[in-house]
Amino acid sequence: LALEAENHSLDTLSILEPARRLAMKKTMTRLLSNQWVSEFDGKPTEAEMRHGFKLFNTSPTVRHLFSPDKVQMDSLFSVLQSDPDRFAELARETFENPMLAGNGGLVGEIKFGDSDPDFENAAYELEPGDFSAPVKTQYGWHIIRVDQRVNNISITESDYLRERPRIQKIIEKRKRESIYRNRVQELLQENPISFNIDIASRVWRVLDGLKHDSHDHSQLNEKTSDDEPARPSDELLPLHHEEMLSFGPHQWTVKDFLDRLPEMDQQLFRSDLKQGTALLIRDELLMELGIEQNLQNTEAVTAAVQYRQDQILANIYLQNRADSMLITEDQIQQFYLAERHSKYLQPDSLLIHEISASQLVDIENFIKAQHIQEASDGWKDYLRAHPKLNHQILGWFQGANLTYPGYYELLVKEMINTPM
C-alpha cells in the first residue's frame, strides 16, 4: 500500500516530515538511553533489597494536589499549613479531572514500584493524616497526603526470598531510569531555556483556545481548503519572525515553534503548553546529540523512520481510495439487507413469565380469560383470584436458553402479553 501511495506521489505530502522527525527523535532517544544505561553495572545492595521488601509490604492510601507550576504549589502548601482541612476544597479548585476534583484528589492504595519513585518515596515517609511539602516528579509538582497505611506484619524470610527477584527488578529499573533522567537534566542545565514571555504568552493564548477543539494538533498549520477558517499559523503570521525562546546557543522564532508543534504530545498540547514546549526542546537537544554520534544513519533509526512513513502512506492511500469510491443507494440497501441481522439489529429482549398448574383445565381457563381481557395487565388480577395457578418470573431472554429450551424461539414472534 505504501508503494502504491508513492506511485501516486503521496510521499511528497508535508504531513510526512513531522512524522519522520518524531520517529527519528524517539528512536535516537531510545538508543541514547540504552547507551547511558549500559554503563550501569551495579546491582542493588542487600540493604536496598530488604528496604524495598519492607516497602513492598506497606500500602499507604494517598491523595494529592497537582500543578505543573511550583509557584502555585507553594501557594497551596501555604493554605494547607494554615488549614489542613481544606485539602478536599483545594482539590476541587485545582483538578480539571472531575473524578479527582470530586474525590479530593484520591489516588488510592499504592504499591512499591507502581508509581513515580519520588512520589512513592514521599508517600512512604508520611504518617497517616500528614501531608508533604511540594514534591517534584517527572510530571510536575504534588502535595501528597496519606489517609491510612496497611502494613503486612506476618512476613517471613521465605517471603523475602520468594519476592527477591521481583524487588531486584524494580530497583534496577528505577536506577536505570534515574541514570537517564540525570543525563537529560545535565543536558538541559548546559542549555538553559529562556522564554520571551510577551511573545510566548501571545502564542500560547492563541493555541489555548484550541485545547478543546476536535482537530488533531498535528495539522494545525495546514489548511485543506480555501473555505476553512484560518489556522493558528495564519493568525500568528505577524509574529512568525519574532524570537519566542532560546536554549543554549539556539533561538526559536514563532515559526520555528509552530513547525515543531505537530511533534508535541497531544495530552500536553491540551493541558500544559509550557511543559509541552519544554519537552519539545528536550527532544530537540537529544536529537542533536544523536546526530553528533551519527545515530540518524543507524539501521534502527532508518528502519523506524521508514516504518512510520509507510504506515502513514498506507492510511492516506486507503482513505483516498475510500473517498473516491462511488457507492449507490442500491448498494447500500443491498449491504444492509445482507448484514442487518449480524451487524445492525440487536435481538429482542423478552421478559418471560411462566404460569403453571396441576390441572390442564386451569391453564386452559387462564388462556381463555386472557383473550377476552381488555387490560394488558389483567392477567395479574386473574392470578390473584386463582391461587391454584403458580406464577414464576423466568427473567430476561435475548436468545435461546439452555434451562428453558424453545421458550425464546416460541415467544419472540408473538405480541407482548400473549399467553402460549
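A pocket here is an open set of grid points with protein on both sides within 12 Å along at least five of seven lines, and its lining residues have an atom within 4 Å of a point. The model described below is predicted.

**The largest pocket**

Which residues lie nearest the centre of the largest pocket? They are Phe66, Gln138, Tyr139, Gly140 and Gln275, and the whole lining counts 45 residues. The space inside comes to about 2,100 Å³.

By class, the lining holds 17 nonpolar, 15 polar and 13 charged residues. Several elements each supply at least two residues of this lining. Three strands are among them: S1, S4 and S5. The helices are H7, H8, H12 and H13. Helix H8 gives the largest share, 7 residues. The table shows where these elements run.

| Element | Residue range |
|---|---|
| Strand S1 | residues 58-67 |
| Helix H7 | residues 117-125 |
| Strand S4 | residues 141-151 |
| Helix H8 | residues 157-190 |
| Strand S5 | residues 193-195 |
| Helix H12 | residues 266-271 |
| Helix H13 | residues 273-292 |

**The protein as a whole**

The protein has 18 helices and 9 strands. It contains 420 residues, and 35% of them are buried. Its accessible surface is about 26,100 Å². Carbon and sulfur atoms own 51% of that surface.

Contacts often link distant parts of the sequence. Take the contacts with a separation of 6 or more: 69% of them join residues 24 or more positions apart.

**Arginine 174**

Arginine 174 sits in helix H8. Is this residue buried or exposed? Its relative accessible area is 14%, so arginine 174 counts as buried, the cut-off being under 20%.

What does arginine 174 touch, beyond residues up to four places away in sequence? The list runs Phe112, Gly113, Asp114, Ser115, Asp116, Pro117 and Glu120. Two of these, Pro117 and Glu120, fall within the range of helix H7, 117-125.

**Glycine 52**

Glycine 52 belongs to helix H3, which spans residues 46-56. With a relative accessible area of 2%, glycine 52 is buried.

Which residues does glycine 52 contact, leaving aside neighbours within four places in sequence? They are Phe112 and Ile167. Phe112 also appears among the residues that arginine 174 touches.

How far apart are glycine 52 and isoleucine 167? In sequence, 115 residues separate them. In space, the C-alpha to C-alpha distance is 6.4 Å. Isoleucine 167 falls within the range of helix H8, 157-190.

Note on methods: Residues are numbered from 1 along each chain as its sequence is written. This is a predicted model: local features need pLDDT of at least 70, side-chain atom pairs count only at pLDDT 80 or more; totals for chains, interfaces and linings use all residues. Side-chain values use heavy atoms; hydrogens and water are left out. On a 1 Å grid over the protein atoms alone, a cavity is a set of points where a 1.4 Å probe fits but cannot get out, and a pocket is an open set with protein on both sides within 12 Å along at least five of seven lines; lining residues have an atom within 4 Å of a point. Grid points are joined across faces, edges and corners, and a volume is the space filled by probe spheres set on the points. Helices (H or I, at least four residues) and strands (E, at least two) are DSSP runs, numbered from the N terminus. Ala, Val, Leu, Ile, Met, Phe, Trp, Tyr, Cys and Pro count as nonpolar, Asp, Glu, Lys and Arg as charged, and the others, Gly among them, as polar. Buried means under 20% relative accessible area, exposed over 50%, partly exposed in between (1.4 Å probe, protein chains only). Contact means heavy atoms within 4.5 Å. Accessible areas come from the Shrake-Rupley method with a 1.4 Å probe; for residues, only the protein chains shown count as cover.
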